[in-house]
Amino acid sequence: MQHNNFIVSEYRNTICEQMMTSMQGFPTSVKVTPIPAFTDNYIWCLHNGTQAVVVDPGDAAPVLAFCKEQKLILSAILITHHHRDHTGGIAALAAAITDLPVIGPRGSHINGITKSVAQGDIVKLTAIGCEFSVLEVPGHTLDHIAFVGHNALFCGDTLFAAGCGRLFEGTPGQMHRSLSKIKRLPPGTAIYCTHEYTEANVKFALAVDPENEHLQAYSDWVASNRAKDTPTLPTDLTTQCNVNPFLRCHDNNVVKSVSQYAGLELSDEIAVFTQLRKWKDNF
Ligand code: ZN
Ligand code: FE
């Protein structure tokens, strides 16, 4: 299907083709800026000096203010899942901009979506010269999708720096599978999460994996950034594979620590993930 600002290819491409898409960085003209919203949300804005695309606009006001200040025309919206803090700004933005494409998950449960996408679809954002593949990553919610391309991943509330989203709708098995899908992306992939939860997540990660030297160094880096009120995002996949306990359910120290918490002998990764998520929920 074709539109002024975007094209969605509806064929389901292979993982290999997705990798090809994600290996190239952003066009040099494109910048990605976090627009802060509410207390800890980031609305990621991809812009090239004239056109802009935003991911998960939970609130319209800061997006309109940013576009006005930077003299940008909003040309599309990407949505990862149905939660209000990711979708609450759609109506006001669509009212402000005629024929604004809103690309998001399948199902008619999100008001304002103009184009539904599924696993393997390619979203071509012609206005900013970018192209993303859609990954289905159920767990936090069942409708959750992520956008991967240009060596970057917009993952909504699925993966956080040093943490992962709560399981509001999906099972631990589904979330573990979704995180495994993300782990298979190229190591240097930049990860654009939607919340600044890093400092609290690192505290928990250190409780799980206190001997992890990567994590200790990361904790210092996070603390110094937060002290200056600097975002800790985007992060990258290599760093997360080294520090994030939710991506390390195979690691001996994590298995030992979570087994101790649960008072159980945990042998498979999903069992470890299940107890780890439970531990974090009660931390
Ligand atoms: Zn959410
Ligand atoms: Fe959220």
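Start by selecting the donors of the iron ion (ligand 2), which follow the spacing D-H-x70-D-x37-H along the chain; bear in mind throughout that this is a predicted model. The pair of Asp157 and His195 links distant parts of the chain, since Asp157 sits in the loop between β11 (152-156) and β12 (159-160), while His195 belongs to the loop between β14 (190-193) and α6, 38 residues apart. Show the side chains as sticks, and the protein donors can be picked out by atom: Asp85 through OD, His86 through NE2, Asp157 through OD and His195 through NE2, lying 2.1 to 2.3 Å from the iron ion (ligand 2). The angles subtended by these 4 donor atoms run from 82 to 169 degrees, which makes the arrangement around the iron ion (ligand 2) irregular.

Keep Asp157 selected and add the other metal. Asp157 bridges the iron ion (ligand 2) and the zinc ion (ligand 1), and the two ions are 3.2 Å apart.

Now centre on the zinc ion (ligand 1), whose coordinating atoms are NE2 of His81, ND1 of His83, NE2 of His140 and OD of Asp157, at 2.2 to 2.3 Å. Here the 4 donor atoms subtend angles of 86 to 169 degrees, and the arrangement around the zinc ion (ligand 1) is therefore irregular. Along the sequence, the donor residues of the zinc ion (ligand 1) are spaced H-x1-H-x56-H-x16-D. To see how this site connects the chain, colour two loops: His83 lies in the one between β5 (73-78) and α3 (84-87), and His140 in the one between β9 (130-136) and β10 (145-149), so this pair ties together parts that are 57 residues apart in sequence.

From His195, move on to the helix that follows its loop. Select α6 (residues 198-208) together with α7 (residues 213-227), and look at how they pack, at an angle of about 155 degrees and with their axes 10 Å apart. The two helices are therefore roughly antiparallel to each other, and their crossing is left-handed. Displaying side chains at the contact brings up Thr198, Glu199, Val202, Ala205 and Leu206 from α6, which meet Leu215, Gln216, Tyr218, Ser219, Val222, Ala223 and Arg226 from α7. By class, the residues of this contact between α6 and α7 comprise 7 nonpolar, 3 polar and 2 charged.

Continue past α7 into the loop that leads to β15 (235-236), where Pro234 is found. The peptide bond joining Leu233 and Pro234 is cis, with omega about 0 degrees.

Next, select helix α9 (residues 252-262) and helix α10 (residues 269-281), whose axes come within 9 Å and cross at roughly 65 degrees. This crossing of α9 and α10 is left-handed. On the α9 side, the contact is made by Val254, Val255, Ser257, Val258, Tyr261 and Ala262, and these meet Val272, Gln275, Leu276, Lys278 and Trp279 of α10. The contact of α9 with α10 has 8 nonpolar, 2 polar and 1 charged residues.

For a last stop, go back towards the N terminus and select Phe38, in the loop between β2 (31-37) and β3 (41-47). Its backbone deserves a look, as Phe38 has a positive phi of about 50 degrees although it is not a glycine.

Conventions:
Residues are numbered from 1 along each chain as its sequence is written. Chains are lettered from A and ligands numbered from 1 in the order in which they are written. This is a predicted model: local features need pLDDT of at least 70, side-chain atom pairs count only at pLDDT 80 or more; totals for chains, interfaces and linings use all residues. Side-chain values use heavy atoms; hydrogens and water are left out. Axes are lines fitted to C-alpha atoms, for helices over the stretch in contact, and angles run from 0 to 180 degrees between N-to-C directions. Helices (H or I, at least four residues) and strands (E, at least two) are DSSP runs, numbered from the N terminus. Angles under 35 degrees count as roughly parallel, over 145 as roughly antiparallel, 65 to 115 as roughly perpendicular and the rest as oblique. A crossing is left-handed if the near helix is turned anticlockwise from the far one by less than a right angle, and right-handed if clockwise. Contact means heavy atoms within 4.5 Å. Ala, Val, Leu, Ile, Met, Phe, Trp, Tyr, Cys and Pro count as nonpolar, Asp, Glu, Lys and Arg as charged, and the others, Gly among them, as polar. Donors are N, O and S atoms within 2.8 Å of the metal (3.2 Å for Na, K and Ca); water is not among the atoms, so sites may look incomplete. Four donors count as tetrahedral if all angles lie between 85 and 135 degrees; four count as square planar and six as octahedral if opposite donors are over 155 degrees apart and all others between 65 and 115; anything else is irregular.
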